[in-house]
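Student: I have a structure on screen and would like to learn how to read its empty spaces and its strands. Where do we begin?

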Amino acid sequence: MEVESSSLVERKRRRHGEKPVRKRACGNSRRVKLRVRAPSSSIQSLFMACRSVFKGPGTVPPPLDLDKIRFLLDKMSLEDVGLSSDMLLFKSRSSSNGTPRITCTTVYKCDNFSLCIFLLPPAGVIPLHNHPGMTVLSKLLVGSMHIKAYDWVDPVRVEENESPSTQLRLARLVVDSVFSAPCKSSILFPTAGGNIHRFTAITPCVVLDVLGPPYSNDDGRDCTYYKEHPYCHVQNDTSAGKDDHQKGWLEEIDIPKDLFHGVEYRGPQIIDDWHPN
């Protein structure tokens, strides 16, 4: 018996007005259009809040807007950035001068803000440094660290005869305390709140920073490091003011070498182009 080919059968069916038979694929044959939903991760929520709050260089978000970011930061944990306490996070190689190196990674960066993570081994130090024209929120995710922070004393420029050296600038101590996780996140402003600060890790520490806007050499927001000197009166003035212990002279120094070790961020990814419907 002669067997007709499948193509011949289909042609005969079309001549008699029959609809062609379509082969069904394995599984569900219906095409389902998936709707992209809002990412539910904590780091994505933080990103969305930062994108809404930070408006670019030269702007400082209002306190209520910053509280939205702070609220999200206060609830974040190591797991929210893809880390865990049992990981060997802090066995970074020491730098050439024997100081433990700081591991850092950038979660996200744009012109308006950046999200960064710093991992400090015990005794790790990020020296006194500034954040020019920047609003910064810091969240200690794990560990205990000593934080010392200064703001410049007004006026911005100290008279020459008031300073023991023209290379020194007078600053007022704002924070000098030990913080242990879990604790509230902190906020510093371009001219207040401890814009110049130092981190010293007592135990292994992880810090999540939100910087708005981020550092930028091209835009005059370069990071400057400082060495502190005790405050003392000049011109043979032996009288001590009641707040003299809250002051100090800061001297600009060269950028420490081999301080940071950069790694690729491997935590939950941020979807940059997602927009709510």
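**Reading pockets and strands**

Tutor: The residues lining the largest pocket divide into 14 nonpolar, 8 polar and 3 charged. Keep in mind that this is a predicted model.

Student: How is empty space found in general, and how much space lies in the largest pocket?

Tutor: Rolling a probe the size of a water molecule over the atoms shows where empty space is left. Here the largest pocket holds about 520 Å³ of space. Among its 25 lining residues, Cys116, Phe118, Leu211, Tyr215 and Cys223 are the closest to the centre. Two or more lining residues come from each of E1, E2, E3, E8, E9 and E12.

Student: How many cavities of 30 Å³ or more does a search of the whole structure find?

Tutor: The search finds 1. The largest cavity has about 40 Å³ of space. Its lining consists of Phe54, Lys55, Gly56, Thr59, Pro61, Asn112, Gly212 and Pro213. By class, that lining has 3 nonpolar, 4 polar and 1 charged residues.

Student: Now the strands. What should I know about side chains, and which strands pair with E1?

Tutor: In a regular strand the side chains alternate between the two faces of the sheet. In this model, strand E1 (residues 102-109) pairs with strand E2 (residues 114-120) in the antiparallel sense, over 6 bridges. E1 and E2 form a hairpin with 4 residues between them, and Tyr108 stands opposite Leu115 in E2. E1 also runs parallel to strand E12 (residues 260-262), joined by 3 bridges. There, Cys104 stands opposite Gly262.

Conventions:
Residues numbered from 1 in each chain as written. Predicted model: local features only at pLDDT ≥ 70, side-chain atom pairs only at ≥ 80, totals over all residues. Heavy atoms only, no water. Pairing = 2+ DSSP bridges. 1 Å grid on protein atoms, 1.4 Å probe; cavity = no way out; pocket = protein on both sides within 12 Å on 5 of 7 lines; lining within 4 Å. Points joined across faces, edges and corners; volume = space filled by probe spheres on them. Nonpolar A, V, L, I, M, F, W, Y, C, P; charged D, E, K, R; others polar.
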